[in-house]
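Hi everyone, thanks for coming. I'd like to walk you through one structure today, so let me put it up on the screen.

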Amino acid sequence: MTEQPTFAAPDSSLPLPDPGERVPTLSWPIVGIFALALAVFTGAGVAAVNHVVPAAATIAASSVAIFMMFTVLHDASHYSISSHRWVNAAFGRVAMLFVSPLISFSAFAFIHIEHHRNTNDDDADPDHFVSAATYWQLPFRFPIMDVPYIGCLLRNITRRPRSEIAETLFLMSATVIAITVAAFSGHLWMFAVVYLIPSRVAMFVLAWWFDWLPHHDLDATPRDNRYRTTRNRMGSEWILTPLLLSQNYHLVHHLHPSIPFYRYVATWRRNEDAYLERGAAIGTVFGQQLDPQEYREWKRLNGKTFPLLPIRRIHTTDTGTRTTHPLAVSGVEQLTYNSVRVTFAVPDSLREEFRFHSGQHITIHHRIDGQQVRRNYSICTPATSGVLAIGIRKVDGGTFSTYAVENLRVGDVLDVEPPAGTFGAPRESVTSDDHVAVAAGSGITPILSLAATTLETNPHSRFTLFYGNRSAESTMFATELYELSTRYPQRLRVFHIRSNQPDHPAALRGRINTPLITTLLDADVTSIGTWYLCGPTDLITSVRSDLVAEGVPSQHVHVELFGGATREAQAGDEIRSTVSITLSGADHQLTSTRGSSVLEAALANKINVPYSCLGGACGTCRAKVTSGSVSMDQNLALSDCEVEQGFVLTCQSHPTTDAVAVDYDSRPA
């Protein structure tokens, strides 16, 4: 694969939208919650002391009161209760006694702000204790959420004011004394029913609802992308918003931490389009994670049921919108003067998602000099190795390839989509053990993976490679190919064809073409079970046409291109057509000129349709024409049977009727 054009994507670097909210002189909703929580807690305690209600009722009521008190504490820590700081401190100190009397209010405020500064950043984020925990650990970690907060305070103890530490020590001591006195006076059970047990129940719910639900499975830090450090949880807001005290809009809180909790919803509605434009993380009430485009469709599909119960789930396909994951670069190896091998460290939690087949590629998203770029690169390692690595050759004017060769270093982090593509041949389609590959330049990258995997997994296989380069100095993976030839001397043949090396053997000098391949192969081309062609468009399309003309079945020839076919302007390109697109269960309608491909029209209208090579070779952009007609410039991926069923490659397809409809969700029969 090589560098492809960049299309519009969510831009997290855009300025933060104005929330339209300010800190009030006094937040009356907070005053109301504070008074209600205090009344409930006091009433539950009095009822328990007088044995008016059973212990379970007291525990439930006190838990609810402490849960409500956390919102008072939370807003106080962000100075959202009042524009007067002393008012926030007063409410915060009282609320802290209910939530966890083990640290002072000022210490809690400091630690909680550390969470905002370092969200999802491993040990630097105290809340990561819960949000990054494995599922079996959650029931044990939820009720002790204050433990990592104490640990954070200890790590920063030399930085904190002495008065803050003294107040924390006093509160800890007072808590121990209170428990001891209750135990020796015979009132420990009553103390446990009124406070000790409810405080742990409330902590469990708080850690679950305010921490794990918004943050789990999100890896971005505020430095990476502040719109994806946490999420909004949408749907059934008639119950979810009051139940979570607006923390289902937790993303709004992280973006605008100083606004009061009861204004989160208004802020979201004021700026919804702006947040979505920036790639906001969204989850539904049932836990489905949606990108901004999917969220819009989910919201439209649920229509009237959206406020009550969003029962219609967005259907995503394996070729639809793909999620990126931040992967650290674990190795950058110089292959030639203008190419490198880049290896990624894949965490155990993503091993399955990044498991690949030989011949597949990954898509990298990265921001360079303020420009968001998206590039596809083939995987060069065997599918059996468990190592994810790609080969990158510097392209003249190539934004990412230049950056990778000149500036990429071990430890850098890139956003990477899981492996995709179908360049490799399915095992059941291979008709003989003989495989031949033709590669030029960096086209060796997927071929190296295919050859190594085939030779390792099929002991009867034979592999022949025709590899074209200008010279030995420009040959990528020369060492790896030599080692592979040494390991399989009877089963692997490599012909290095060089166009600009005078001392190279005359029979292997020049450019690759079909006559040279057939001469060196010394075998009937139709006897070869599988052909792999990867390189510049002109070379690969020419060799493919020659092979098919010689009688090689087209389904035996697998193609990967460096770029798409060049299309000259044609009469009628300026005529406009209506294009209807079905993707992930949602329908889109747009207008485009016939000179633009269906894929180009979709991307220009910010419809996140699947695509990869843009050259008609990978098949990722396949869709079925359900009405109207298109003309397809080039097809190197679809079988005759698929074409007969109405499938097209949308990157190569141009409308030829006033209206055309394509369905990305359809699958061949």
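So, cavities. There are 3 of them at 30 Å³ or more in this structure, and keep in mind that what you're looking at is a predicted model. The largest cavity holds about 270 Å³ of space. It has 24 lining residues, and the ones closest to its centre are Phe-70, Phe-108, Asp-127, Met-145 and Tyr-149.

Who else is contributing to that lining? The elements that put in two or more residues are H2, H3 (85-99), H4, H7 (146-155), H9 (188-215) and H11 (250-255). Which helix gives the most? That's H9, with 6 residues. As for chemistry, the lining of this largest cavity splits into 12 nonpolar, 9 polar and 3 charged residues.

Now, two of those helices, H2 and H4, also pack on each other, so to speak of them as a pair: H2 covers residues 55-77, H4 covers residues 105-117, and their axes come within 9 Å and cross at roughly 75°. An angle from 65 to 115 degrees counts as roughly perpendicular, so that's what we call H2 and H4.

Which residues make that contact? On the H2 side we have Phe-70, Leu-73, His-74, Ala-76 and Ser-77, and on the H4 side they meet Phe-105, Phe-108, Ala-109, His-112 and Ile-113. By class, that's 7 nonpolar, 3 polar and no charged residues. You'll recognise Phe-70 and Phe-108 from a minute ago: they're among the residues closest to the centre of the largest cavity.

Let me jump along the chain to another helix pair. Helix H15, residues 444-457, packs with helix H16, residues 478-487, at an angle of about 20°, and the axes are 11 Å apart. Angles under 35 degrees count as roughly parallel, so H15 and H16 are roughly parallel to each other. The crossing of H15 past H16 is left-handed. In this contact, Ile-444, Leu-448, Ala-451, Ala-452 and Leu-455 of H15 meet Glu-480, Leu-481 and Leu-484 of H16. That gives 7 nonpolar residues, no polar ones and 1 charged.

Last stop, the second largest pocket. How much space lies in there? About 490 Å³. This pocket has 21 lining residues, and nearest its centre are Arg-393, Gly-441, Gly-468, Asn-469 and Arg-470. The lining of the pocket divides into 7 nonpolar, 10 polar and 4 charged residues.

Okay, that's my tour. Happy to scroll back to any of it.

Methods
Residues numbered from 1 in each chain as written. Predicted model: local features only at pLDDT ≥ 70, side-chain atom pairs only at ≥ 80, totals over all residues. Heavy atoms only, no water. Axes fitted to C-alpha atoms, helices over the stretch in contact; angles between N-to-C directions. Helix = DSSP H or I, 4+ residues; strand = E, 2+ residues; numbered from the N terminus. Parallel < 35°, antiparallel > 145°, perpendicular 65-115°, else oblique. Contact = heavy atoms within 4.5 Å. Nonpolar A, V, L, I, M, F, W, Y, C, P; charged D, E, K, R; others polar. 1 Å grid on protein atoms, 1.4 Å probe; cavity = no way out; pocket = protein on both sides within 12 Å on 5 of 7 lines; lining within 4 Å. Points joined across faces, edges and corners; volume = space filled by probe spheres on them. Left-handed = near helix turned anticlockwise from the far one by under 90°.
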